[in-house]
Amino acid sequence: MRLAAEGAPTREIADRLALSVGTVRNHLSAIARKVAARNRIDAIRIARGSGWL
């Protein structure tokens, strides 16, 4: 989530964390679901507002 909040595209996040692009998408989607966000940007806003980032 931190890398996504910094504006890193999915491919870059995957490369930096040695994960597949699909795994990164799945994790970001799971995070968004858990915080009841509509999308990645909304999830980032919620995480920042909650002090998680």
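**Helix packing and the nonpolar core**

Helices α2 and α3 are roughly perpendicular to each other, because the angle between them, about 105°, falls in the range of 65 to 115 degrees that defines this class. Their axes lie 8 Å apart. On the α2 side, the contact is formed by Thr10, Arg11, Ile13 and Ala14, and on the α3 side by Val21, Val24 and Arg25. By residue class, this contact comprises four nonpolar, one polar and two charged residues. The model examined here is a predicted one.

The largest nonpolar core consists of 10 residues, namely Leu3, Ala4, Ala5, Ala8, Ile13, Ala14, Val21, Val24, Leu28 and Ile44. At least two residues of this core come from each of α1 (2–5), α2 (10–17) and α3 (21–34). In soluble globular proteins, nonpolar side chains tend to be buried together. Among the core residues, alanine 8 is in contact with Leu3, Ile13 and Arg40 when neighbours within four places in sequence are set aside. Ile13, Ala14, Val21 and Val24 are listed in the core, and these residues also take part in the contact of α2 with α3.

Two α2 residues of the helix contact were considered individually. Threonine 10, located in helix α2, counts as buried because its relative accessibility of 14% is under the 20% limit. Beyond residues up to four places away in sequence, threonine 10 touches Val21, Val24, Arg25 and Arg40. With arginine 40, threonine 10 also makes a polar contact between the two side chains, at 2.8 Å. Arg40 is likewise a contact of alanine 8. Arginine 11, also in helix α2, has a relative accessibility of 48% and therefore counts as partly exposed. The C-alpha atoms of arginine 11 and valine 21 are separated by 5.8 Å, although these residues are 10 residues apart along the chain.

Aspartate 42 belongs to helix α4, which spans residues 40–49. With a relative accessible area of 6%, aspartate 42 is buried, since this value is under 20%. The side chain of aspartate 42 makes a polar contact of 2.5 Å with the side chain of arginine 45. Outside the residues up to four places away in sequence, aspartate 42 touches Ala36 and Ala37.

Technical notes
Residues are numbered from 1 along each chain as its sequence is written. This is a predicted model: local features need pLDDT of at least 70, side-chain atom pairs count only at pLDDT 80 or more; totals for chains, interfaces and linings use all residues. Side-chain values use heavy atoms; hydrogens and water are left out. A nonpolar core is a set of buried Ala, Val, Leu, Ile, Met, Phe, Trp, Tyr and Cys residues joined through side-chain atoms within 4.5 Å. Buried means under 20% relative accessible area, exposed over 50%, partly exposed in between (1.4 Å probe, protein chains only). Helices (H or I, at least four residues) and strands (E, at least two) are DSSP runs, numbered from the N terminus. Contact means heavy atoms within 4.5 Å. Axes are lines fitted to C-alpha atoms, for helices over the stretch in contact, and angles run from 0 to 180 degrees between N-to-C directions. Angles under 35 degrees count as roughly parallel, over 145 as roughly antiparallel, 65 to 115 as roughly perpendicular and the rest as oblique. Ala, Val, Leu, Ile, Met, Phe, Trp, Tyr, Cys and Pro count as nonpolar, Asp, Glu, Lys and Arg as charged, and the others, Gly among them, as polar. A polar contact is a pair of N or O atoms within 3.5 Å; within protein, one must be able to donate a hydrogen and the other to accept it, and residues adjacent in sequence count only if both atoms are side-chain atoms.
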